[in-house]
Amino acid sequence: MSTPPLLLGAAVLFWGWATGLLLPAIAVAAILEGARAVPWRVDFSRRDFNRVSDLCAILFAGSAIYLFTAVGGMRVVDGPRAITVLFQWLPLLAAPLVACQAYSTAGTVDLSVFFWTLRKKAADEPGASSGALDLAYPYAALCILSASAANVRTPAYYASLCLLAAWALWSRRSRRFSSLWWGTSLAVAVVAGYAGHLALHRVQQKLEEVAFEYISGLVRRDTDPFRSTTAIGHLGRLKLSDRILLRVEPAAGQGAPILLREASYNVYKSPAWFALGAGFTPVQPEAGGETWKLAPGPAPETSVGVSAYLNRGRGVLPLPARAMEIDGLAVVRLSSNRLGAVKVDEGLGLVTYRVRVGPGALLDAPPTDFDVGVAAAESVAVAQIADELELASKPPAARLEAVAAFFRTNFHYSTYADQPVGGAPLEDFLVRKRSGHCEYFATATVLLLRAAGVPARYATGYSVQEWSPLERRYVVRARHAHSWALAWVEGAWRDLDTTPPEWVDAEAAGVASAFEPVSDFLSWVVFLFSRWRYGEGWDGVGRYLVWLLVPLVLVLAWRLYGRRRIGRARTEAARGEPAALHPGADSEFYLIADRLAVAGLGRRSTEPVSTWISRLEEGHAPVATDTLRQIARLHYRYRFDPDGIGADERQALRARVEAWLAAPGTGRG
Amino acid sequence: MRRVAYRLFRSTSTFQYRLGRQLTPAGKFALAALVAAAVIGFDTNRTVGYQVFTLLAALLSVSTAWSGGFRVRLDVRRVLPRFVTAGEPAAYPVVIRNGTARPQRGLVLLEDLADPRPAVDEFLHAREPGEERRNWFDRTVGYPRWAWLVARKRGAAIAPRPLPALRPGDAGEVVIELLPLRRGRLAFTAVTIARPDPLGLVNGLVRVPLPGSLVVLPKRYAMPDLALPGARKYQRGGIALISSVGDSEEFASLRDYRPGDPLRRIHWRSVARVGRPVVREYQGEFFVRHALVLDTFAGRPESHVFEEAVSVAASVACSIQTQDSLLDLLFVGPETYSFTAGRGLGHTDRLLEVLAGVGPCLDKPFRTLHHAVLERYASLSGCVAVLLAWDQPRRDFVRHLRALGVPTRAFVVSEPAALEAGAGHEVHRLEVGRIAEGLAHL
């Protein structure tokens, strides 16, 4: 380990702190820094390193597959999310390799471990080295960068970063300069880095704002918070679907129908509604990351629970009126606009959240000039009706009641639009046909209120109607999509739904099929599966990963268990003794060799034992060479046989040598 | 296309070289981490990697600012050896005297070798071994070729060497370790004194021009003694002729002129005395003389087969005892060369020096060498031939020599795959990559 003591451990702990994986981090740090305290080292071969590297690669691949399937599909839009998590796990996935380096005799890792081509080359030319790499500093850097992916936006991150950098730089500082210069240079860099990153972040925010406004003008999405194209003026029957989109658990005592609004719009240009001056601003989560406060003040206890699918992890959230706080929403980025739309920029495929509803409607900004205008195409018809109802003379609350009563008594609901009688579609609806679907009612209501001097907006969302006995909660189908008006009365926005209540039954009649119970059941199963799939916070995933690691690490440990351990040279070298003795060094045969050497019959330095014995034999030395030859054979096996000798053979060697030494005339003559 | 690529490679390698000099190892690591942080922290909303990025950028900027103002005056003297051997680590001292009025501490010495980058023509016309097997892109753009040419011309690897602390006026000595990578002449252009900044990331550099060169001898293999046949052969001109320039020979006697005697052997004073042509007769010299024949007909400017053949020739040259015999090194370059060593006539190191500079012959056929050896066969006791293939002309050459009674040992150096079958008893085959093994089996 080339890093200064404890630096690597500190980097790992820093990573654990930032990513919330503190327990694994403590374990990894202890293992890595423990190598300094432990005197032994393991003689890992290149193949062992390859094996550990493969293990890391498998862990990486497994985690990647798991994350891409569990956190969100492999789609490009959703990719970064899984990649970010994977990146945060990297130090854990690479830990086995670094730990092996820490406990290896080599202290470095051959580059061939990382590349197949180099590995192949190394296999072809066993002697050649592809270059060695010390993983200590790269691993520390990996920990710091992975920690950055956890996105801990507190000053503690930068402070720790500076501390770790200073720690690493201190040992590498130039001795030419005093530590004062070092400290000053570092301080300048730290301050400049701090100012730099603030500036950089601000520049990106500015750029994003500009780009978002530009792009949102070009791109249309599923629920577009900036534009809602209505079916006003379309001919034929509305196409409706039975698919369940939302599941709602209302607050205690609250009954259907509940209106869940997705977005509201302020400018009508037939046949579409537009939201002008409604750019999105990010909502910052509270501590814990799953609570998002939309309006200040204490949130009441009562709440509405909603489960919604998000297409590719992004979309606009359906919320009840006067939402103050969203609780339990596990998404990365959330933003809202002044017309009360709240959208998820980055999240999972299914979100489940509770919305706390307060007394005020602070999410929706007070009316502007956009909320009072009526376009020229509809102004004549609208003004005519407003005059008929004498709205101008009534107080604002009464105007709402009058408009609601007008639609209730004179209009009926229809999902079928036939040939217009004449004029603009809305005029046709208001004056002549007096039947249509919710978009007609909502649009006409908004325009009528505006003509009466009440600021109003067009809202789209869902109407919660249907109780599912199967799921024990309300379900919202695609055909429950609805639109209504928002009216500004007495300093607050109020929902005004003028569509005749029979619309639900009328639409259900259009699409109800015999298979509905079956498809509902399947939908429920899919929902339960999705909830399980997305319901895991990734702390839970981390926990599973740790369990996944256990058998793998055990297998690895078992594979490495049989490796030779080599005493670290440090302590022995200090005493001036050889670091490691060869096997069989304690053989008693050497006693015989010493005895014979004293007698002047010693072995020459380059002479093999067998040659030596033959020489003794030829020289008629007074030595029992036959016995000696047998002892030598056993000694050789003890010394060189890779399998070693058994305990009984070892005993036999000892006994024979003792017998030989004790025998009279052996080497004494 | 190739020219554009060449420009690009050249400027990139200039940049890389400068960066490599300018940054300390810690600085290089910081730069790599900076790039990684830039990628990770690209979106400042998603990760806080941009904080790592700005901190590293600030550290490197502060260090770079430090590196600007470095001035130092040092007298540097390099004591180079005459020879080193390719692949064998060598060391040489460098003496540095502090000519400034301030003590100098914490400096690092970097050696500047001659620019290894190829010239544009060389890049356009060179062929990397195995280039035809590369993919279309590599062949068109030619980066592998560039990398190969640079590696080929990079003479040696020299690690940066920290200097000891020097008081004003003091001189100190450091030993530089050098690993020569290939045979030939190794040219030094300058030494660079580097001063890391207080943070230890960026070097301030001062270049001291200091040209020098040494010869890198070919790599040699351990090989057993070659039992060369030792019949003594008559040497025309005798020892004197081969051991010195001029025509001072051992005089034996005078005799009457016989038709065919060279005119310059006529002893004019005796002619004047006796009135008929008399010529001088000289002592004949007999001793052992071997030829070491190196096949230089590699067919292309660069090949490891040829390099290995030179190494084998160098190994042979060293293993032959030249105290009592002569050894001729014969090869064909731009013309036919013959260098002789032995019996006090020049040492084996002269032969190695010649081998350090030998290059392949591309414009002549193998026949040229064949004829050159045949011209000398009468005086040769034996011949060692290091060949690059075992084709018909080379077979003819070896058989011809043997037929003339010159005992010949032939080594054929070739790629493992290119070994032809047969003729195992006639030649020793040596595979590239397993040369040492092959020589040990002799």
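Let me start with a small sheet in chain A. Three strands make up this open sheet, in the order E4-E9-E8, and the pairing is antiparallel. Strand E4, residues 227-229, and strand E8, residues 267-269, stand at the edges with a single partner strand each, so one side of each has no neighbour in the sheet. From one strand to the next, the twist averages 20 degrees. As general background, strands of a sheet pair through backbone hydrogen bonds, either parallel or antiparallel. Here E8(A) and strand E9, residues 272-274, pair in the antiparallel sense over three bridges. In one of these pairings, A:Lys269 has A:Ala272 in E9(A) as its bridge partner.

I should say now that this is a predicted model. Please keep that in mind for the rest of the talk.

Next, the contact between the two chains. How many residues does each chain give to it? Chain A gives 36 residues and chain B gives 30 residues. On the side of chain A that touches chain B, the elements that give two or more residues are helix H4 (79-102), helix H6 (136-149), helix H7 (155-171) and helix H8 (179-216). The largest share of that side, 13 residues, comes from H8(A). By type, the residues on the side of chain A that touches chain B divide into 21 nonpolar, ten polar and five charged.

One helix pair across this contact can be described in detail. H7(A) packs against helix H3 of chain B, residues 49-68, at an angle of about 40 degrees, and the axes are 10 Å apart. At that angle the two helices count as oblique to each other. The crossing of H7(A) past H3(B) is right-handed. Which residues meet there? From H7(A) they are A:Tyr157, A:Tyr158, A:Leu161, A:Cys162 and A:Ala165, and from H3(B) they are B:Gln51, B:Val52, B:Leu55 and B:Leu59. Of the residues in this contact of H7(A) with H3(B), eight are nonpolar, one is polar and none is charged.

Now to chain B on its own. Its secondary structure comes to 13 helices and 18 strands. Of the 442 residues in chain B, 33% are buried. Among contacts in chain B with a separation of 6 or more, 71% are between residues 24 or more positions apart.

Helix H10 of chain B, residues 348-357, is a useful place to look. Its buried residues are B:Leu351, B:Leu352, B:Val354, B:Leu355 and B:Ala356. What do the buried residues of H10(B) pack against? Their partners in chain B are strand E8 (184-196), strand E9 (203-217), helix H9 (304-319), strand E14 (325-332) and strand E15 (336-341).

Of these partners, I will take helix H9. H9(B) and H10(B) pack at an angle of about 175 degrees, with axes 10 Å apart. The two are therefore roughly antiparallel to each other. H9(B) contributes B:Val310, B:Ala313, B:Ala314, B:Ala317 and B:Cys318 to the contact, while H10(B) contributes B:Thr348, B:Leu351, B:Leu352 and B:Leu355. The residues of this contact of H9(B) with H10(B) divide into eight nonpolar, one polar and no charged.

Back to chain A for another helix pair. Helix H17, residues 589-598, and helix H20, residues 647-662, pack at an angle of about 20 degrees, with their axes 9 Å apart. H17(A) and H20(A) are therefore roughly parallel to each other. Their crossing is left-handed. A:Phe589, A:Leu591, A:Ile592 and A:Arg595 of H17(A) make the contact with A:Val657, A:Trp660 and A:Leu661 of H20(A). In this contact of H17(A) with H20(A), six residues are nonpolar, none is polar and one is charged.

Last, two backbone details in chain A. Most residues other than glycine have a negative phi. What is phi for A:Glu390? For A:Glu390, phi is near 55 degrees, a positive value in a residue other than glycine. A:Glu390 lies in the loop between helix H9 (376-389) and helix H10 (396-410) of chain A. Is A:Glu390 buried or exposed? A:Glu390 is exposed, because 11 other C-beta atoms lie within 10 Å, and the cut-off for exposed is 12 or fewer.

The other case is A:Glu490, where phi is near 50 degrees, again a positive value in a residue other than glycine. A:Glu490 lies in the loop between strand E25 (481-489) and strand E26 (492-496) of chain A. With 8 other C-beta atoms within 10 Å, A:Glu490 is exposed.

Key:
Residues numbered from 1 in each chain as written. Chains lettered and ligands numbered in written order. Predicted model: local features only at pLDDT ≥ 70, side-chain atom pairs only at ≥ 80, totals over all residues. Buried ≥ 20, exposed ≤ 12 C-beta atoms within 10 Å, placed from the backbone. Helix = DSSP H or I, 4+ residues; strand = E, 2+ residues; numbered from the N terminus. Contact = placed C-beta atoms within 7 Å. Nonpolar A, V, L, I, M, F, W, Y, C, P; charged D, E, K, R; others polar. Pairing = 2+ DSSP bridges. Axes fitted to C-alpha atoms, helices over the stretch in contact; angles between N-to-C directions. Parallel < 35°, antiparallel > 145°, perpendicular 65-115°, else oblique. Left-handed = near helix turned anticlockwise from the far one by under 90°.
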